Amino acid sequence: MIRLPDPAGALREYTPRTESALPPAGGPPLVSRTVFSAAHVVADPFADVCPDDPAAVDWDATLAFRRHLWSHGLGVAEAMDTAQRGMGLDWSAAAELIRRSAAEAAACGGRIACGVGTDQLTAPGASPEAIRAAYEEQLAVVEEAGAQAIVMASRALAAAARGPEDYAELYGHLLRQASEPVILHWLGPMFDPALTGYWGSEDLDAATETFLAVIAEHPDKVDGVKISLLDAGREVELRRRLPNGVRCYTGDDFHYPELIAGEEPSRGGRFSHALLGIFDPLGPLAAEAVRVLDTGDPAGFRKLLDPTVELSRHLFRAPTRCYKTGVVFLAWLAGHQEHFAMVGGLQSARSLPHLARAYELADSLGLFPDPALAEARMRRLLAVYGVDA
């Protein structure tokens, strides 16, 4: 029995599980869906740095976590929002992360795609020329590393663009020069308020038209699109309008089971692939669910994945951008790293009751390889906050 704090400040009793429900590593490749887990980075807890200093990364632990994801058959989406891109991880560290992870992927046969952005532009008021050059620099790093590019939304472009035509011009330029098809990433303002009005309008219908027009102009250069708007209906409508051969990768951490499972054949049978931050803690279970889907059993897929939505909604609740704290917390409890520290000091971004509920939900799902270790570490955190007093 363990006492956990609730949001009202009271302590409640919870009985932890004694056995894990996770499948072993290995198994056949995933066939029916392409699935990326957006992976977190592990901070170096012994580095003498302040939150505003360049990130200090524990490279060994960071790469070990990626090998864990690959061992279950998942792809890794590297240097994305989950890796604290723009929230503690600067471009210098992100470039090093891309190079190291891509080399590791090549060594073990893992699939990898990496984020391309403009976050080396740290001063306000960047010109269109500087924004384009920043994108080009990052695209070159990713392509030289041998990874697929994910063209991320740019805070600098959101601030500088005068309308939809500026997005069309810049993205058209990048797509024409990309050596291989890329994934376009539309990250909503719930994840990053600085991206409000992306694609030239705060009206999502108008923004969607601009987004689709860019894709339609260059369908041979777009492998797929990642939609992170937490709006299942909008994603369904958008994926119906994508050109043939362009995939939809869901980034909806609230509705992923039904979006991945897809529509009934009578309604078109369309579905989403996945590029999700929640598949960082759910990696082994998500891979097992997709293997069930590979057998033609969508009900079995939903039976495995639907119960995880409550945990995901908890981790991604507003302010959604702070979900990384819960993701890293669960990685610590699961034994993937030896500490609960984050670059930029972001371990302080969620309350103790929030973390306690995350532990309870994850444990009830059997997500911890060693439930006793998770319980012991949860007790240590509670003691720091005086719960054992």
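User: Happy to be looking at this one with you! On the other side of α3, away from its buried residues, which residues are exposed?
Analyst: Good place to start, and please keep in mind that this is a predicted model. Exposed here calls for a relative accessible area over 50%. On the side of α3 opposite its buried residues, the two that are exposed are Glu129 and Glu144.

User: And where do the buried residues of α3 fall when you look down its axis?
Analyst: The buried set is made up of Ile131, Ala134, Tyr135, Gln138, Leu139, Val141 and Val142. Viewed along the axis of α3, these residues keep within an arc of 160°, so they line one face of the helix.

User: What covers the buried residues of α3?
Analyst: Contact here means heavy atoms within 4.5 Å. Both helices and strands take part in the cover. It includes β5 (112–116), β6 (148–151), α2 (91–108), α4 (155–160) and α5 (164–177).

User: How far apart are the end C-alpha atoms of α3, and what span should its residues give?
Analyst: Helix α3 runs over residues 128–144, which is 17 residues. At 1.5 Å a residue they should span 24 Å. The model agrees, because the end C-alpha atoms of α3 are also apart by 24 Å.

User: Which residue just after α3 takes a positive phi?
Analyst: Most residues other than glycine have a negative phi. The residue in question is a glycine, with phi at about 85°. Sitting just after α3, it is Gly146.

User: Let's step back to the whole chain. What radius of gyration does the protein chain have, and what would a compact globule have?
Analyst: The C-alpha trace spans about 60 × 55 × 45 Å along its principal axes, and the chain holds 14 helices and 10 strands. For 389 residues, a compact globule would come out near 21 Å. The protein chain agrees with that, having a radius of gyration of 20 Å.

User: What share of the contacts with a separation of 6 or more comes from residues 24 or more positions apart?
Analyst: As background, 56% of the 389 residues count as buried. The accessible surface comes to about 15,700 Å², with 51% of it belonging to carbon and sulfur atoms. Among contacts with a separation of 6 or more, the share from residues 24 or more positions apart is 72%.

User: Now some individual side chains. Which backbone nitrogen lies 3.0 Å from a polar atom of the Asp90 side chain?
Analyst: Asp90 belongs to the loop between β4 (75–78) and α2, and it is partly exposed at a relative accessible area of 31%. Leaving out residues up to four places away in sequence, Asp90 touches Pro54 and Asp119. The backbone nitrogen at 3.0 Å from its side chain is that of Ala93.

User: Is Asp192 buried or exposed?
Analyst: Asp192 lies in the loop between β7 (182–187) and α6 (204–217). Beyond four places in sequence, it touches Arg155 and Leu187, and a polar atom of its side chain lies 3.0 Å from the backbone nitrogen of Ala194. The cut-off for buried is under 20% relative accessible area. Asp192 has 11%, so it counts as buried.

User: Which backbone nitrogen does the side chain of Gln347 reach, and at what distance?
Analyst: Gln347 has its place in the loop between α12 (323–333) and α13 (352–364), and at 27% relative accessibility it counts as partly exposed. Apart from residues up to four places away, it touches Thr325, Phe340, Ala341 and Met342. Its side chain reaches the backbone nitrogen of Met342 at 2.9 Å.

User: Where is the cis peptide bond that leads to Pro319?
Analyst: Most peptide bonds are trans. This one is cis, with omega near -5°. Pro319 sits in the loop between α11 (309–315) and α12. The bond runs from Ala318 to Pro319.

User: Last one: what is the phi of Trp199, a residue other than glycine?
Analyst: Ala79 makes a nice companion: it is not a glycine, yet has a positive phi of about 55°. Ala79 is in the loop between β4 and α2 and is buried at 0% relative accessibility. Trp199 is in the loop between β7 and α6, and is buried with a relative accessible area of 0%. Its phi is positive too, near 70°.

Terms used
Residues are numbered from 1 along each chain as its sequence is written. This is a predicted model: local features need pLDDT of at least 70, side-chain atom pairs count only at pLDDT 80 or more; totals for chains, interfaces and linings use all residues. Side-chain values use heavy atoms; hydrogens and water are left out. Helices (H or I, at least four residues) and strands (E, at least two) are DSSP runs, numbered from the N terminus. The expected span of a helix is 1.5 Å times one less than its number of residues. Buried means under 20% relative accessible area, exposed over 50%, partly exposed in between (1.4 Å probe, protein chains only). The arc is that of the directions from the helix axis to the C-beta atoms. The radius of gyration is taken over C-alpha atoms; the globule rule is 2.2 Å times the number of residues to the power 0.38. Accessible areas come from the Shrake-Rupley method with a 1.4 Å probe; for residues, only the protein chains shown count as cover. A polar contact is a pair of N or O atoms within 3.5 Å; within protein, one must be able to donate a hydrogen and the other to accept it, and residues adjacent in sequence count only if both atoms are side-chain atoms.
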